[in-house]
Each structure stands twice: as structure tokens, then as C-alpha cells.
Amino acid sequence: MRSSPPRAVRPGSRPARAVALAAAARAVALVAMALPSPAAANGVFPSADQLVFDPADPARAVARMTYGLLTTRDGGASWRWICEGAVGYDDAGGQSPPIAAAASGRVLAALTDGIAVGTEGGCVWARARAAELAGREVIDLSVRRGDPSHVVAVAAGTRHGLWASRDGGATWTSAGTPLPEGFLARTVDIAPSDPRRVYVSGLASEGGSVKGAIARSADGGETWQTAAVPGSTTSREPYIAGVDPRDADVLYVRIASAPGRLFVSTDGGAAFAPVFATQGFVRAFAISPDGATVAVGSDIDGVFRAPSSTLAFERVSSVVPRCFAWTDSGLYTCASEFLDGFTIGRSLDGGATFEPLLQQACIRGPLDCAASTAVGAVCPTDWPRIALMTGHRDCTSDAGPAAAGSGTSAGATGAGGASSVGGATAASGGGDRASAAGAGGAPDVPDGGAPPSGGARPSEEGCGCRTGGAEDGRAGALAAACLAAVAAARRRSRRAGVAARGALG
């Protein structure tokens with residue numbers, strides 16, 4: 001067991017950011033009013049908020065977007081789109097399904113009516129084979145690091161329960177006993193160092209009140225114990241951030257609201273102590289593959305890093321992270337393209353600088369699949385809408401040379417530059433089914449220190465989009481936000497019209 005963690009770091013708010021964001025919001029509103037009849041994606045700002053890697057192939061990764069999935073097969077040199085309809089969900093209701101990468105190249109998505117299993121490189125999607133699981137809401141899932149054939153999930157029902165797969169998500173069985181009565185699950189994780197240690201976060205009813213809690217099992221779900229998470233309520237729900245890869249007793253939990261908090265337990269989830277606090281959301285968390293370092297991201301204060309032995313956090317970057325994934329090839333983040341100039345990036349220095357791997361204008365189009373597959377049949381017809389929303393351009397004609405694994409600096413490889421990726425480790429950012437875009441602007445510089453770097457901004461090199469760099473990319477993102485806002489208003493108007501007609505008829 002580790003010694004007691006230090007007191008929480010409290011970065012505080014940044015008034016200058018609030019002013020900048022308010023100005024940006026006004027600009028979005030003004031431009032939106034002038035836009036004529038655009039297509040848009042569900043009224044949600046286009047962004048990424050979860051990133052997973054194929055445990056057997058370091059060149060393959062999948063990103064969860066607000067408009068489906070993106071996949072790369074070449075280490076981030078190019079990205080292809082998989083539409084929601086092919087996976088089996090509709091984002092009109094704000095669904096943002098947790099995803100995972102398991103054995104045999106399978107990609108799993110937790111849906112409101114089961115588990116979608118993607119095979120053949122993401123071209124073929126079908127529901128997992130589990131009769132009792134069919135039609136049930138699957139709330140979250142987790143692949144055990146080091147054994148990608150072992151997957152666990154939590155599903156809703158009269159009592160929420162744990163499900164397990166031993167073949168990478170192809171087939172599932174109910175595991176152990178249901179969660180304690182009145183426990184509503186939100187996230188699940190399995191300890192890398194102990195396959196029988198399972199943690200579930202959620203809300204627990206006790207004595208007429210509902211509080212945030214952790215349910216923990218040391219025997220694969222046969223028995224459960226619960227403990228309250230400090231400061232968590234129905235409006236401040238606890239989400240599992242990660243489990244230490246070396247010690248199954250060390251659990252990190254974040255509060256999914258603002259002000260954000262990060263807690264750690266060193267006794268298997270029995271008690272928690274605060275280690276990080278921010279006025280914004282804690283959306284991103286990751287543990288390095290060796291377990292020696294942890295990173296946490298705030299949508300107000302940027303990226304913080306600390307040794308896991310002390311948890312003394314220091315701010316290292318002003319990038320606004322929406323997710324982290326730490327692999328042998330570096331620390332990956334989902335960023336805000338509007339604020340940081342890229343959507344997915346990689347850091348080779350623990351989060352101090354980030355090499356852009358994806359700008360959304362450079363998505364190559366739908367994943368190239370046979371017309372007989374779900375993706376090949378459904379996605380091409382919807383691509384023009386996504387192309388308009390992302391400001392699609394041909395980014396291949398003058399793309400720079402591949403630099404996979406080259407370890408170049410942040411400015412050397414643009415959004416389309418190749419980059420190797422490694423096996424996934426403990427990471428967070430995907431637990432929320434829907435999450436709002438983070439706040440932006442550069443935080444204050446610590447006294448006596450150099451300004452934290454967000455990494456080089458995308459230029460004309462790399463993705464090959466002759467867009468004038470990040471400023472033009474942000475203009476495109478602004479336009480996309482306008483399109484989304486208009487679409488949302490129109491949907492509300494249509495719903496109101498339908499309701500009115502129903503009342504009259």
C-alpha cells in the first residue's frame with residue numbers, strides 16, 4: 001500500500017479564457033445567422049473524445065468522434081470514417097458509445113441495445129452473440145491490458161450486472177452476481193495485474209439518498225463491496241479514470257462535472273483521497289505503460305503530469321485535452337481543433353509538446369469496404385454531409401514523406417504525417433457517453449518557468465492542406481460549429497412543429 005497522497009493541486013480558473021470563449025461564442029452566433037441552409041452533424045461540435053489501439057497491431061487505432069468513428073491502419077498517416085449507421089446507432093439522440101479494441105482485431109462499441117462487434121478492419125459490424133444481452137443497454141466495457149481476449153462490460157436491467165468475454169468480445173456470458181441492489185453503473189475497469197479484480201463506478205441508493213460510489217470485486221464479480229466517493233452526487237457522478245498496471249489496489253476516479261476532481265485509492269477502492277482539482281472538467285487521464293507517471297487534463301488549465309509515487313502534479317502544456325491514451329509510442333490526446341489546431345496528436349515528451357496526427361479536413365473519406373458490408377452499403381451516401389461539416393480537402397497531393405516512429409519534433413510532421421502507435425494502456429476520456437467541448441485559451445505561465453507549450457501548430461506541410469495553418473483550420477472549425485448550431489436549431493424547430501401539428505390534429 002502506498003503512503004498517503006499529497007494535498008490536491010488547485011490550478012483555479014482563468015478569467016482571460018472566459019473572455020476569449022465568450023467572444024468566440026458571439027462570433028459563432030453571428031456567422032451562424034448568416035449561413036444559408038447548411039448540412040450539419042447533429043448540433044454537436046465535431047471532435048474526438050476517445051482513442052483506442054489494436055493490441056496486436058501498433059499501426060491500427062480507432063477514434064470515437066461526435067459523428068461516428070475514425071480509423072487508421074498506417075499509424076496515423078491517414079484516417080477513414082465509419083458512420084454511426086454501420087455500427088448500429090443513431091447520434092441524433094446524443095449517443096456517444098464507449099469503444100474498446102480487443103483480440104483478433106475486433107472493435108467493440110457499447111450501445112443502448114447490446115454490443116456492436118466490428119471485424120474485417122471495421123467494415124463488418126454485428127451484435128455480439130449473447131441472447132440474454134440482446135436489446136439491453138450496455139453502459140461501458142473494458143479490455144484487460146496484457147490479455148485482449150478478456151473483456152468485461154456492465155449492462156442495465158432490473159439490477160445492473162457484469163458480463164465477461166474470453167474471446168475478445170465475440171461471445172458473452174453473465175459473470176458472477178448482479179451489482180448491489182439500487183446500484184446504477186456508469187463505468188467499469190479490470191485491473192491489469194489481477195484479472196479477478198473488477199471496479200464499477202456509479203450511483204448507489206442508501207438510506208433514502210443517492211450518492212456516487214465504487215463497487216469492487218476481488219473474485220470476478222461473485223461478490224461485491226461498495227464505498228462512497230467523496231463529493232460525488234447525481235450531478236457529480238464518479239467515473240473510473242484508471243487502475244495502476246502494477247498494483248490492483250491503486251484506483252483513480254474522476255468527477256464528471258465542473259469543478260473537476262481526481263481522487264486516488266490505495267486500498268482497493270475502500271477509501272479515496274483528492275489529488276487534483278480544477279474549476280473546469282477533468283476529461284482526460286492516463287497512466288504510463290510502466291506505471292511510473294500519470295497525466296491528467298483539464299479543459300481550463302491544460303495538461304498536468306506527476307510521478308505516481310508522489311502525485312505532485314505540474315502543468316506541462318496548454319493543450320486542451322478531451323482524452324488521453326498512453327502507449328509505448330507516446331502519450332496521445334484528443335484535442336480541440338478550434339483551440340489547438342489539431343484533433344489527435346502524439347507527445348514524445350510526456351505531454352509537454354504534441355505532434356499533430358489528424359486535422360478533420362484531412363479525413364480521406366469513408367473506410368474503403370465492399371458494398372456488401374455495413375460500412376460499404378451505408379456510409380458513402382452520408383459522406384457529403386460529413387465532408388461539408390469538416391471542410392474536407394484533398395490532403396494527399398503534397399503530403400510530406402512518411403515519418404513513422406521517427407521521433408521528430410512537433411513541427412516536423414503535420415496532421416497527415418505517419419506515426420507509429422503502440423499497445424493501449426490505462427487511459428480515460430471515453431467514459432462519458434456525451435461530453436461537451438472544453439474551454440480554451442492559454443493558461444497563465446508559472447512564476448519562473450517557460451511558457452508551457454501546446455506543441456507546434458499544423459502548417460501547410462504534413463496533411464498537405466494548403467489552409468494557411470492553424471488559424472485557417474480554426475476558421476473551418478468555426479464554420480463547422482456554426483453548421484452544427486444551425487442544425488440543432490432546425491431540429492428543435494421541426495420537433496416543435498410536429499408537436500404543434502399533433503396538438504391541432
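A residue is called buried here when its relative accessible area is under 20%. The structure under discussion is a predicted model, and this cut-off serves throughout the account that follows. Cys83 offers a suitable starting point: its relative accessibility is 2%, and because this is under 20%, Cys83 counts as buried.

Cys83 is joined to Cys379 by a disulfide, with 2.2 Å between the two sulfur atoms. The torsion about this S-S bond is about -85°, so the disulfide of Cys83 and Cys379 is left-handed. The link connects distant parts of the chain, for Cys83 sits in the loop between strand 4 (80–82) and helix 2 (84–87), whereas Cys379 belongs to helix 4 (residues 374–390), 296 residues apart. Cys379 is buried as well, because its relative accessibility is 0%. In general, a disulfide is a covalent bond between the sulfur atoms of two cysteines.

Strand 4 and helix 4 are also brought together by a pair of aromatic rings. Six aromatic pairs are counted in the model. In one of them, the ring centres of Trp81 and Trp383 lie 5.9 Å apart and the planes meet at 45°, so the pair is tilted. Trp81 is in strand 4 and Trp383 in helix 4, and the two residues are 302 residues apart, so that the pair links distant parts of the chain. Both Trp81 and Trp383 are buried.

The search of the whole structure finds four disulfides, and two further examples may now be considered. Cys123 and Cys369 form a disulfide in which the sulfur atoms are 2.0 Å apart. With a torsion of about -80° about the S-S bond, the disulfide of Cys123 and Cys369 is left-handed. Cys123 is found in the loop between strand 7 (114–119) and strand 8 (124–127), and Cys369 in the loop between strand 28 (355–358) and helix 4, so this disulfide ties together parts that are 246 residues apart in sequence. Cys123 is buried at 7% relative accessibility, and Cys369 is buried with a relative accessible area of 14%.

The loop between strand 28 and helix 4 also holds Cys362. Cys362 forms a disulfide with Cys395, the sulfur atoms being 2.5 Å apart. The angle about the S-S bond of Cys362 and Cys395 is -75°, and the link is left-handed. Cys395 lies in the loop between helix 4 and strand 29 (427–428), so the pair ties together parts that are 33 residues apart in sequence. Cys362 and Cys395 are both buried.

Attention may next turn to strand 3 (residues 68–72), which contains Thr71. Thr71 is buried, because its relative accessible area is 8%. A polar atom of the Thr71 side chain lies 3.3 Å from the backbone oxygen of Ala61. When residues up to four places away in sequence are not counted, Thr71 touches Ala61, Val62, Ser78, Trp79, Arg80, Ile82 and Leu367.

Further along the chain, four strands form an open sheet in the order 17-18-19-20, with antiparallel pairing. Strand 17 (238–243) and strand 20 (273–278) stand at the edges with a single partner strand each, so one side of each is left without a neighbour in the sheet. From one strand to the next, the twist averages 25°. Strands of a sheet pair through backbone hydrogen bonds, in either a parallel or an antiparallel sense. Strand 17 pairs with strand 18 (residues 251–255) in the antiparallel sense, over five bridges. Ile240 stands opposite Val253 of strand 18.

The edge strand at the other end, strand 20, leads back to the aromatic residues, since it contains Phe276. Which kind of aromatic pair do Phe276 and Phe313 form? The pair is edge-to-face, with 5.6 Å from centre to centre and 65° between the planes. Phe313 lies in the loop between strand 23 (302–307) and strand 24 (314–317), so the pair ties together parts that are 37 residues apart in sequence. Both Phe276 and Phe313 are buried. Ring pairs also bring in Phe304, linking Phe276, Phe304 and Phe313 into a cluster.

Definitions and conventions:
Residues numbered from 1 in each chain as written. Predicted model: local features only at pLDDT ≥ 70, side-chain atom pairs only at ≥ 80, totals over all residues. Heavy atoms only, no water. Buried < 20%, exposed > 50% of the residue type's maximum accessible area, 1.4 Å probe, protein only. Polar contact = N/O pair within 3.5 Å; in protein donor to acceptor, adjacent residues only side chain to side chain. Contact = heavy atoms within 4.5 Å. Pairing = 2+ DSSP bridges. Axes fitted to C-alpha atoms, helices over the stretch in contact; angles between N-to-C directions. Disulfide = S-S within 2.5 Å. Phe/Tyr/Trp six-rings, centres within 6.5 Å; stacked < 30°, edge-to-face > 60°.
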